[in-house]
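Reader: I am new to reading structures. Please take one part and go through it closely with me.

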Amino acid sequence: MPDFKDPEPGVGMGEGIDLNSPAFKKAAEACKNLMPTPPQRTNADETWSTAD
């Protein structure tokens, strides 16, 4: 994709990118092997503190 800007830390992809467009989905599929593995959720991630 020409002129496709890189994401910025804390900002993300910016405005104007349709994550549901066929072009984006095709690019995401082609590059999925380059993406990091998402972190695994643990039970600790799902608990709430009861301390006030």
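**A close look at serine 21**

The protein has one helix and zero strands. Could we look at serine 21, in the segment before α1? Where does its side chain make a contact, and is serine 21 buried or exposed? What is there to see in the rest of the protein?

Author: Keep in mind that this model is predicted. Start with the location. Serine 21 sits in the segment before α1, and that helix covers 22–31. The protein has one helix, α1, and zero strands.

Next, the burial. Serine 21 has a relative accessible area of 18%. Buried means under 20%. Serine 21 is therefore buried. Set that against the whole chain. The protein has 52 residues, and 2% of them count as buried.

Now the contact. A polar atom of the serine 21 side chain lies 3.0 Å from an oxygen. That oxygen belongs to the backbone of aspartate 18.

Stay in the segment before α1 for a moment. Phenylalanine 4 lies there too. Its relative accessible area is 35%. Partly exposed runs between 20% and 50%, so phenylalanine 4 is partly exposed. Isoleucine 17 is 13 residues away from phenylalanine 4 along the chain. The C-alpha atoms of these two residues are separated by 9.5 Å.

Move on to charge. Side chains of opposite charge can pair when their charged atoms come close. A search of the whole structure finds one salt bridge. Its partners are the side chains of lysine 32 and glutamate 29. The distance from N to O is 2.9 Å.

How open are the two partners? Lysine 32 has a relative accessible area of 51%. Exposed means over 50%, so lysine 32 is exposed. Glutamate 29 has 49%, so glutamate 29 is partly exposed.

Last, the surface of the protein. Its accessible surface comes to about 5300 Å². Carbon and sulfur atoms account for 56% of that surface.

Definitions and conventions. Residues numbered from 1 in each chain as written. Predicted model: local features only at pLDDT ≥ 70, side-chain atom pairs only at ≥ 80, totals over all residues. Heavy atoms only, no water. Helix = DSSP H or I, 4+ residues; strand = E, 2+ residues; numbered from the N terminus. Buried < 20%, exposed > 50% of the residue type's maximum accessible area, 1.4 Å probe, protein only. Polar contact = N/O pair within 3.5 Å; in protein donor to acceptor, adjacent residues only side chain to side chain. Areas by Shrake-Rupley, 256 points an atom, 1.4 Å probe, with all protein chains shown as cover. Salt bridge = Lys/Arg side-chain N within 4 Å of Asp/Glu carboxyl O.
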